[in-house]
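Biologist: I've just opened this one and would like to know where its labels come from. Could you take me through a few of them?

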Amino acid sequence: MNHVFVDFENVHQVDLTLIGAKAVSFTLMVGAKHTKLDTDLVEKLMAHSSAVQLVKLKSSGKNALDFALAYYLGRAALADPTAYFHIISKDGGFDPLIEHLRARHIHVYRHVSCAELTFTWPGKKIPVSEPIVVKTVAKKAVKKVAAKKAAKKVAKKASKKAAKQVSKAVVDAAAVPSRKVLTIDQAYERVYDNFLKPTKTLPARYKALWSEIKQLTGFETDSPEAADVIKRLKDAGLLDMSGDRPVFSI
C-alpha cells in the first residue's frame with residue numbers, strides 16, 4: 001500500500017491519475033489561506049471519497065501545515081507500518097522526520113513533485129516500482145544460498161584452512177550489491193542502511209567514502225548521481241565534509 005501526502009501549500013500541481021488508483025491512499029493538505037481548488041481536482045476527490053482525504057486547516061501559522069501533515073503521516077504509519085509513505089513537498093524541513101522514521105524501519109520518501117513518485121499506477125509511463133526491489137532482494141538471497149552450497153562441495157575436497165577461505169570468498173561475492181540501475185531514493189537508502197550497521201567501520205578518507213558509494217550503488221565517483229547521494233547525507237546532517245576528513249553523525 002502507498003500513502004501519498006501532498007503539501008498543497010508548497011506544491012500546487014497534483015497528478016489526477018493518482019486519485020482512485022489501486023493500492024494508493026491520497027491525502028491533500030490545504031492551508032487556511034487557500035480558498036480555491038481546481039474543479040477537475042474536486043471532481044476526482046468526490047468520485048473517490050473512500051480512498052482520499054482532504055484536510056483543510058482552519059488557522060495559519062509558521063509550519064502549521066507541516067505539523068499537521070506529520071500528524072496524519074504518523075497516524076497512517078501506526079495503522080499500516082509495512083506500507084510505503086510519500087510526502088509531495090519541496091520543503092526540506094521534512095527530511096529530519098523522514099530520517100527518524102527510516103531509522104525505525106518505516107518506508108518514507110519525499111518527492112518535489114508527483115512526477116518523482118517511484119511506484120506504478122495507470123498514469124505512470126515509466127514505472128520504477130517497489131516490486132522490482134523485492135525481486136532484486138529475492139535474487140540476492142538465491143545467490144547466497146547457491147554460494148553456500150558451492151562452498152560446501154569445495155570444502156570436501158580441500159583442506160580445512162583452504163575450505164574456509166573458499167567459503168568466505170564465495171559468500172562475499174554473493175553479497176556484492178546488485179548492479180541494477182537504482183533510483184536516487186533507493187541508492188541513498190542502501191548507503192544509509194549500510195553506514196547504520198553497528199559493526200560498520202565508517203570511511204576515514206574521502207577516497208574511501210566515494211569508493212564505498214560506488215561499490216554500494218554502482219554510481220561512478222564523478223557521476224551526478226553519486227554527488228546527489230553525498231548531498232542528501234550532508235543535507236540530513238549525517239555527514240560533514242568541511243574538513244580534510246569526512247565526519248559522520250550516524
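**Rings and burial**

Modeller: Sure. This is a predicted model, and with rings counted as a pair when their centres lie within 6.5 Å, the count comes to 3 aromatic pairs. One of them joins Tyr71 and Tyr72, with 5.1 Å centre to centre and 80° between the planes.

Biologist: What makes Tyr71 and Tyr72 an edge-to-face pair?

Modeller: The angle does: planes over 60 degrees apart count as edge-to-face, and theirs are at 80°.

Biologist: And why is the pair Tyr188 and Tyr192 called stacked?

Modeller: Stacked is the word for planes under 30 degrees apart. The planes of Tyr188 and Tyr192 are at 20°, with the centres 6.2 Å apart, so the pair is stacked. Both residues belong to helix α6 (residues 184–196), where they sit 4 residues apart, about one turn of the helix.

Biologist: How do you know whether Tyr188 is buried or exposed?

Modeller: Buried means under 20% relative accessible area. Tyr188 comes out at 3%, so Tyr188 is buried, and Tyr192, at 5%, is buried too.

Biologist: Then why is Tyr71 called partly exposed?

Modeller: Partly exposed covers what falls between buried, under 20%, and exposed, over 50%. Tyr71 has 46%, so that label fits.

Biologist: What makes His111 count as buried?

Modeller: Its relative accessible area is 1%, so His111 is under the 20% cut-off. His111 is part of strand β5 (residues 107–111). Leaving aside residues up to four places away in sequence, its contacts include His86, Ile88, Leu117 and Asp185.

Definitions and conventions:
Residues numbered from 1 in each chain as written. Predicted model: local features only at pLDDT ≥ 70, side-chain atom pairs only at ≥ 80, totals over all residues. Heavy atoms only, no water. Phe/Tyr/Trp six-rings, centres within 6.5 Å; stacked < 30°, edge-to-face > 60°. Buried < 20%, exposed > 50% of the residue type's maximum accessible area, 1.4 Å probe, protein only. Helix = DSSP H or I, 4+ residues; strand = E, 2+ residues; numbered from the N terminus. Contact = heavy atoms within 4.5 Å.
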